[in-house]
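Trainee: I want to test the labels on this model against their cut-offs. Can we go through them one by one?

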Amino acid sequence: MAGRTIIFILAIFCSAVSIAQKHPVLYAGAEYYRDKGFESNSYVALQFGSQLFQWKFLAPEVGFDAYLGSPAEVEFNYIGEPNSIPEAKLKTQFSSYFFSISPKLKFGNEEAALVILPQYNIRKIHARGDYLVYNGNLYALEERQKLSANQSFWSFAAGVEGQIFDVDHLWFAVYLKYTMLNSEGIMERIDFAGTDFNVNGGSSDGIGIGLRVYYDLFSAL
């Protein structure tokens with residue numbers, strides 16, 4: 001299903017390219033998500049890619065997205081005394097690296113435009129769990145688990161894009177984004193035999209804010 005979706009979207013892009021007149025534009029960006037399933041109640045994403053062209057209101061993009069986050073540590077005290085030092089801890093984190101395709105819609109001009117970004121993402125998500133035991137001086141690594149799984153999902157964003165400075169080949173975008181990235185499922189698969197740790201963290205979706213910088217390298221040269 002994921003493969004057919006990508007082929008369909010690429011076919012649309014290729015058809016539009018044949019009549020489009022503009023060259024690719026590079027972009028880089030960052031996104032910030034608030035979610036109680038993570039340490040400091042947040043996780044982040046970094047983005048790199050290209051707006052392939054713009055033809056009327058269609059400005060499709062391809063990119064590479066990396067999501068990173070760490071759920072709060074889980075502590076366990078085998079003695080059970082409330083003020084004693086926890087004898088063991090569990091630290092977990094997830095990372096994911098996705099290829100993305102977006103048939104971005106752009107309504108307006110170069111100074112200010114409304115943008116809508118439905119985005120399809122596909123590749124892998126990774127999780128790591130570190131079981132740490134207190135040895136009298138510090139928490140030493142006792143055991144580590146690494147998991148990975150294929151994942152594909154949609155995300156949807158809307159915001160404003162335009163020139164802030166009087167530079168033709170540089171502009172910015174700010175947007176709100178809803179992502180269906182599921183990090184909760186793979187985190188729950190972390191399991192250390194013989195311990196009472198239950199991993200509670202990650203999220204099944206998220207809402208965040210993003211900032212992008214677009215750079216028209218061809219015009220700058």
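Mentor: Start with charge on the surface. This is a predicted model. Glu 110, Glu 111, Asp 166 and Asp 168 form a negative surface patch.

Trainee: What makes the patch of Glu 110, Glu 111, Asp 166 and Asp 168 negative?

Mentor: Its members are Glu and Asp residues. Asp and Glu count as negative, so the label follows.

Trainee: Why is Glu 110 called partly exposed?

Mentor: Its relative accessible area is 48%. Partly exposed lies between under 20% for buried and over 50% for exposed. So Glu 110 is partly exposed. A patch residue needs over 30%, and therefore Glu 110 qualifies on area. Its place is the loop between strand E6 (105–108) and strand E7 (113–134).

Trainee: Where is Ser 40, and is it buried or exposed?

Mentor: Ser 40 sits in the loop between strand E1 (25–34) and strand E2 (42–51). Its relative accessible area is 58%. Exposed means over 50%, so Ser 40 is exposed. Its backbone deserves a look too: phi is positive, about 65°, although Ser 40 is not a glycine.

Trainee: What makes Lys 56 exposed?

Mentor: A relative accessible area of 63%. The cut-off is over 50%, so Lys 56 counts as exposed. Lys 56 also has a positive phi, about 55°, without being a glycine. It belongs to the loop between E2 and strand E3 (61–69).

Trainee: Which class does Phe 64 fall into by relative accessibility?

Mentor: Phe 64 has 31%. Buried would need under 20% and exposed over 50%, so Phe 64 is partly exposed. This residue lies in strand E3.

Trainee: How do you know that Phe 64 is in contact with Phe 99?

Mentor: Contact means heavy atoms within 4.5 Å. By that test, Phe 64 is in contact with Leu 46, Gln 47, Phe 48, Tyr 97, Phe 98, Phe 99 and Ser 100, leaving aside neighbours within four places in sequence. Do not confuse this with the C-alpha distance. The C-alpha atoms of Phe 64 and Phe 99 are separated by 4.7 Å, with their positions 35 residues apart along the chain.

Trainee: Which residues form the nonpolar patch on the surface?

Mentor: Tyr 32, Val 44, Leu 68, Val 174, Leu 176, Ile 209 and Leu 211. Together they have about 590 Å² of accessible area. Strand E9 (170–179) and strand E10 (206–215) are the elements that give two or more residues.

Trainee: What makes Ile 209 eligible for the nonpolar patch?

Mentor: Ile is on the list of nonpolar side chains, and over 30% relative accessible area is required. Ile 209 has 43%, so it passes on area. Its strand is E10.

Trainee: Now the salt bridges. How many does a search of the whole structure find?

Mentor: Ten. One of them joins Lys 104 and Glu 61.

Trainee: Why is the pair Lys 104 and Glu 61 called a salt bridge?

Mentor: The N to O distance is 2.9 Å. The limit is within 4 Å, so the pair qualifies. Lys 104 is in the loop between strand E5 (88–102) and E6, while Glu 61 is in strand E3, 43 residues apart.

Trainee: How do you know that Lys 104 and Glu 61 are buried?

Mentor: Lys 104 has 0% relative accessibility, and Glu 61 has 2%. Buried means under 20%, so both count as buried.

Trainee: What makes Glu 61 and Arg 212 a salt bridge?

Mentor: Their closest N and O atoms are 2.5 Å apart. That is within 4 Å, so the definition is met. Glu 61 lies in strand E3 and Arg 212 in strand E10, so the pair ties together parts 151 residues apart in sequence. Both residues are buried.

Trainee: Which classes do Asp 130 and Arg 128 fall into?

Mentor: Asp 130 has a relative accessible area of 7%, under 20%, so it is buried. Arg 128 has 26%, and therefore counts as partly exposed. The two form a salt bridge, with closest N and O atoms 3.1 Å apart.

Trainee: Which residues are joined into one network by salt bridges that share partners?

Mentor: Glu 61, Lys 104, Lys 106, Glu 161 and Arg 212.

Methods:
Residues numbered from 1 in each chain as written. Predicted model: local features only at pLDDT ≥ 70, side-chain atom pairs only at ≥ 80, totals over all residues. Heavy atoms only, no water. Patch = residues over 30% accessible without salt bridge, like charges linked within 9 Å, V, L, I, M, F, W, Y side chains within 5 Å. Areas by Shrake-Rupley, 256 points an atom, 1.4 Å probe, with all protein chains shown as cover. Salt bridge = Lys/Arg side-chain N within 4 Å of Asp/Glu carboxyl O. Charge placed at Lys NZ, Arg CZ, Asp CG, Glu CD. Helix = DSSP H or I, 4+ residues; strand = E, 2+ residues; numbered from the N terminus. Buried < 20%, exposed > 50% of the residue type's maximum accessible area, 1.4 Å probe, protein only.
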